[in-house]
Amino acid sequence: MSEILQSVRGMSDVLPAETPAWQAIESLLKQTMQAYGYQELRLPLVERTELFKRSIGEVTDIVEKEMYTFEDRNGESLTLRPEGTASVVRAGISNGLLHNQRQKVWYTGPMFRYEKPQKGRYRQFHQFGAEALGFEGPDIDAEMIIMSARIWRALGLSKIELQINSLGTIESRGVYKEKLLEYFSAHEDQLDADSKNRLHRNPMRILDTKNPEMADLVAAAPQITDYLDDESREHFSVLKALLDQAGITYTVNPRLVRGLDYYSRTVFEWVTDQLGAQGAVCSGGRYDGLVEQLGGKPTAAIGWAIGLERLIALCEELDCVPVVENPHVYIVLAGEEALKPGFQLAEELRDALPGVRIEANCGGGSFKSQFKRADKSGAQIALILGAEEIENGVASVKPLRSGNEQRSVVLADLAGALATELGLQ
Ligand code: HAM
């Protein structure tokens, strides 16, 4: 195939056969957000490069290796967003949304990271994220997690486990970083080039290494949980109590430090063993210092983002893809004379039955081939209109899945009959 016909490596089309699953999952996510009082925030795909450097951190995989950065015609350095939290904070500050106010927002759309593509890891991928800004206490941490658990429940997902940890405050993390620096410096000969480079700049990022040769060294490193300040410890213990009360099981994973620098206190990931190496389906945490760091007033905040490709893959793996939106009714137009009255009938039925998906046959074809299309479309009912029906002022209703008999229905009664057959009344 000629190269220009291939999509860019790590970036895929979502084909019509796949979009119903996406839409069903997205609509469930939106409904859930509404139920918890979150509002949508639509963000640009492109931001100033500096925003991501200052928020995600200069010494992180994302900023060092994965950003799609370019100069615009004005010579300004811009970056395709690798995530949404930085933009939410920027939009919150610049639009005055955080001024003596709290915000609960959600966003969705493509993110871009120049990673090595593999199953579950792409260069253009989609996140659905939720962020709550202006909330300090552990109650919102619990609510965020409970909200995500509700989504898994609504989808019927199992095999997805919650890991939580606390990273403490920026100050207590400073102490921990010193300890890490001491530890890794004492084993400098075992560090790979990347980690040596990070040793003095950001030793916590050594813990994210994917190099198996360093796994033992990292496993024996000091644990952040041993350096928590009292308030963070208390915050974490209230969160755990609230999760216990909500019946949400979790594992405390002291090694969970997340790959972005803006986190403080609570961090969490929902992980699955069903998708190979890329097991994190939803990740997030608190970023209490970020608003101030980017120039706003001190504002506590927390959020998570779901990787939609991974969530959908998990739903497919576990046979939990929500109902696919096939047409309810497929209108078979037998013979040329059926075209005009058939189109009119389709419009009348769409008026009479809002929300019912009605597909009228287009492109002609014999009765047999139209009937095959009706079946293939997944419709519940084939509605047949031919010369005989037109003459008698009826249409034939043929249920395709319920096993009910085909019958003639006068046009005036048709909407009611379809609604009954579809179980809508
Ligand atoms: P993150 O862990 O970098 O966090 O990404 C969140 C989720 O996006 C991951 O758990 C994963 O499901 C998905 N994901 C990440 N990279 C890829 C990729 N290359 N291909 C496919 N899926 C991917 C964040 O982005 C934070 N902004 C989350 C957050 C929101 N924290 C607070 N608020």
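The legends below accompany an overall view and several close-up views of a predicted model.

**Figure 1. Overall view of the predicted protein chain, with its 15 helices and 16 strands.** The C-alpha trace spans about 90 × 55 × 45 Å along its principal axes, and buried residues make up 51% of the 425 residues in the chain. Of the contacts with a separation of 6 or more, 69% are accounted for by residues 24 or more positions apart. The chain exposes about 21,100 Å², of which carbon and sulfur atoms supply 48%. There are 46 positive and 61 negative side chains, and the centres of these two sets lie 1 Å apart.

**Figure 2. Helix α15 (residues 414-421) and the elements around it.** Six of the eight residues of this helix are buried, so α15 is largely enclosed by the rest of the structure. The buried residues are Leu414, Ala415, Ala417, Leu418, Ala419 and Glu421, and they pack against a helix, α12 (339-352), and against the strands β12, β14 (381-385), β15 (394-399) and β16 (407-410). Just after α15, Gly423 takes a positive phi of about 75°.

**Figure 3. Surroundings of His328 in the loop between α11 (308-317) and β12 (329-333).** With a relative accessible area of 17%, His328 counts as buried because the value is under 20%. Not counting residues up to four places away in sequence, His328 touches Gly355, Val356 and Arg357, then Ala379, Gln380 and Ile381, and also Leu422.

**Figure 4. Phe112 in strand β5 (residues 103-112).** Phe112 is buried, with a relative accessible area of 6%. Leaving aside its neighbours within four places in sequence, Phe112 is in contact with Met11, Glu66, Tyr68, Leu80, Arg81, Pro82, Arg123, Gln124 and Phe125. One of these contacts, Glu66, is 46 residues from Phe112 along the chain, and the C-alpha atoms of the two residues are separated by 8.2 Å.

**Figure 5. Two residues with positive phi, Asn100 and Asp319.** Most residues other than glycine have a negative phi. Asn100, although not a glycine, has a positive phi of about 50°; its place is in the loop between α4 (85-94) and β5, where Asn100 is exposed, with a relative accessible area of 71%. Asp319, likewise not a glycine, has a positive phi of about 60° and is placed in the loop between α11 and β12. At 73% relative accessibility, Asp319 counts as exposed because the value is over 50%.

**Figure 6. A patch of negative charge on the surface, where Asp13, Glu18, Glu316 and Glu317 gather.** Among these residues, Glu316 has its place in helix α11. The side of the patch shown here includes Glu316, which is partly exposed, with a relative accessible area of 48%.

**Figure 7. A nonpolar surface patch made by Met1, Ile4 and Leu5.** The area of this patch is about 440 Å². Met1 lies in the segment before α1 (19-35), and with a relative accessible area of 74% Met1 is exposed.

Notes: Residues numbered from 1 in each chain as written. Predicted model: local features only at pLDDT ≥ 70, side-chain atom pairs only at ≥ 80, totals over all residues. Heavy atoms only, no water. Patch = residues over 30% accessible without salt bridge, like charges linked within 9 Å, V, L, I, M, F, W, Y side chains within 5 Å. Areas by Shrake-Rupley, 256 points an atom, 1.4 Å probe, with all protein chains shown as cover. Salt bridge = Lys/Arg side-chain N within 4 Å of Asp/Glu carboxyl O. Helix = DSSP H or I, 4+ residues; strand = E, 2+ residues; numbered from the N terminus. Buried < 20%, exposed > 50% of the residue type's maximum accessible area, 1.4 Å probe, protein only. Contact = heavy atoms within 4.5 Å. Lys, Arg positive; Asp, Glu negative; His and termini not counted. Charge placed at Lys NZ, Arg CZ, Asp CG, Glu CD.
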